[in-house]
Amino acid sequence: MRHSALLTIAASLLATLSTQAVELPDIISDNAVLQQNSAARLWGWAEPGRKVNVTPSWDGKTYTAKADKTGRWDVNVNTPEASFTPWSITFDDGKDPKTISNVLIGEVWFCSGQSNMEMPLRGFGIQPIEGAGQAIAYSGKYPHIRMANVPKRQEYEVQDRVPGKWNVSSPANAAEFSALAYFFARSLADIINTPVGIINCAYGGSKLESWLPKEKLDTYPGYDMAAERNDTTVDPWHRIGVLYNGMLHPLIGYTVKGFLWNQGESNVGKHNEYPSHQRDMVELWRKEWGNPDLPFYFVEMPPWSYGAPEADYAAKFRECQHEAARITPNSDIVCTTDLIYPYELEDVHASRKQPIGERLAFLAAAKTYGIEGIHTQYPTFKDVDYQGDKAVLTFNNAYGGLNPNRDIQGFEVAGEDRVFHPATAVEDWNTFTITVSSPEVSDIKSVRYCFKNFAIGTLHDMLGLPLVPFRTDNWE
């Protein structure tokens, strides 16, 4: 009887396998964007051992893959130059062919991080996106922009599948698009005149370490994914490793041009370790995507009170983000200190996503696509000359000086006591230096600019990029 039952089970399993149709992940669906001029990676599942023929309409060639013992198959297809021509791809396992249509060839960017990347054009509750109504209304002008939203999932085991199909930019769809990623895509598409695809894989409140695998986390002191699994005191959005497993891992290998990253708030206070962790994450992602040179562009954390507007721990974190850009090859950061309104003191989801998306697009256009003339170099602190009750500051990338704002705000000075006082700042239009002073400090030992949790930058260069917040000290 037992032998007969086993034969019945085996026959049933064999029948199931023999009727198993070719399957595709959601990321390989109608309306997809594939990376131009690449060996674009496609995959899916079929009956183990069965061959799958993949035929794209742009060249009519057939690429053949064989499903392994788990049913997984992978293949790379050569893609042409970008165009606005819609194509199709047929996947044929000899039994039940599947075809995806309205596929565009263009530029694909993988966008990740926490809520300021996740935040859709419709906003969050009482937190709006500036200009969202207009962006949604006119989104139908950009059917060559596509976005795949990956739903939020936490998993302690590595996953191979995740939902998230491609959607075409239109008023019916755009409200759910990541606002930041959409403005990036719209700007980039306008600049380089090609379709742009965005994979939006973000989770509000997540730590950077949520996007790393257990193998890497185990090398960090104090990060124990196994112990955290049973710790009920850990906030769900702060759990480490689980977003890598549940959201990112199933998408590894989808051919992209680069990464965009907007994250940081949940790592405030960890400014000493964050740069190396971010560098590790970038290196690991690049390795898993099989390209050590994929660009990685990210966003400086916006001003917010963080419970104490006058404190500087969030400013130290922004400083460490710039350090992360410095130590990570083919990486860069956009400054956002000027893109905040005074009334957003307690709103971590700043509404001005369009200029941030544009600044990211400018970085990509200039550094990845080699378009000359696009300005991306922010003015930064260079040196200070202490002269008793005055200090003279010089800057990098301040060609033509900083904007002629006679009432310059945001500077502070301190003496040996390390107590900071608001400073008067005057720019010399001949030397493009700024001299700062305060009647409260007779012997200046440090100068800071917008180096607080919440401070709005007002100084810009001649093309509108803000002076990056800085300090001349290293006081903890």
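A charge is said to sit over a ring if NZ of Lys or CZ of Arg is within 6 Å of the ring centre and within 35 degrees of the ring normal. Two such cases open this talk: the charged end of Arg 41 over the ring of Trp 43, 4.8 Å from its centre, and that of Lys 152 over the ring of Tyr 203, 5.0 Å from its centre.

The model before you is predicted, with pLDDT of at least 70 required for local features and 80 or more for side-chain atom pairs, whereas totals for chains, interfaces and linings use all residues. Residues are numbered from 1 along each chain as its sequence is written, and side-chain values use heavy atoms, with hydrogens and water left out.

I turn to the aromatic pairs. Rings of Phe, Tyr and Trp (its six-membered ring) pair if their centres lie within 6.5 Å; planes under 30 degrees apart count as stacked, over 60 as edge-to-face and the rest as tilted. Across the whole structure, the search finds 26 aromatic pairs. Phe 110 and Phe 259 have ring centres 5.9 Å apart and planes at 80°, so this pair is edge-to-face. Because Phe 110 lies in strand E7 (residues 98–113) and Phe 259 in strand E11 (residues 258–262), the pair ties together parts that are 149 residues apart in sequence. Strands here are DSSP runs of E with at least two residues, and helices are runs of H or I with at least four, numbered from the N terminus.

Are these two rings buried or exposed? Buried means under 20% relative accessible area, exposed over 50%, and partly exposed in between, with a 1.4 Å probe and protein chains only. Phe 110, at 0%, counts as buried, and Phe 259, at 1%, is buried as well. Both belong to one aromatic cluster, together with Trp 261, Trp 285, Trp 289, Phe 296 and Phe 298.

Trp 285 leads to the nonpolar core. Such a core is a set of buried Ala, Val, Leu, Ile, Met, Phe, Trp, Tyr and Cys residues joined through side-chain atoms within 4.5 Å. The largest one has 71 residues, and those with the most contacts inside it are Trp 73, Phe 91, Ile 199, Trp 211, Tyr 254 and Trp 285. Helix H8 (residues 274–289) supplies the largest share of this core, 6 residues. Apart from it lies another core, of 42 residues, including Cys 111 and Leu 363.

Next come the salt bridges, each a side-chain nitrogen of Lys or Arg within 4 Å of a carboxyl oxygen of Asp or Glu. The count comes to 26. In one of them, Arg 471 meets Glu 319 at 2.8 Å, N to O. Arg 471 lies in strand E21 and Glu 319 in helix H9 (residues 313–327), so the pair ties together parts that are 152 residues apart in sequence. Arg 471 is buried at 10%, whereas Glu 319 is partly exposed at 32%. Salt bridges that share partners join these two with Asp 312, Lys 316, Arg 448, Asp 473 and Glu 476 into one network.

I close with Glu 344, in the loop between strand E13 (331–334) and helix H10 (353–368). Which side chain of opposite charge is nearest to Glu 344? Lys and Arg count as positive and Asp and Glu as negative, while His and the chain ends are not counted. The nearest is Arg 352, 7.0 Å away; Glu 344 is buried yet has no salt bridge. Beyond its neighbours within four places in sequence, Glu 344 is in contact (heavy atoms within 4.5 Å) with Trp 304, Ala 350, Ser 351 and Phe 454.
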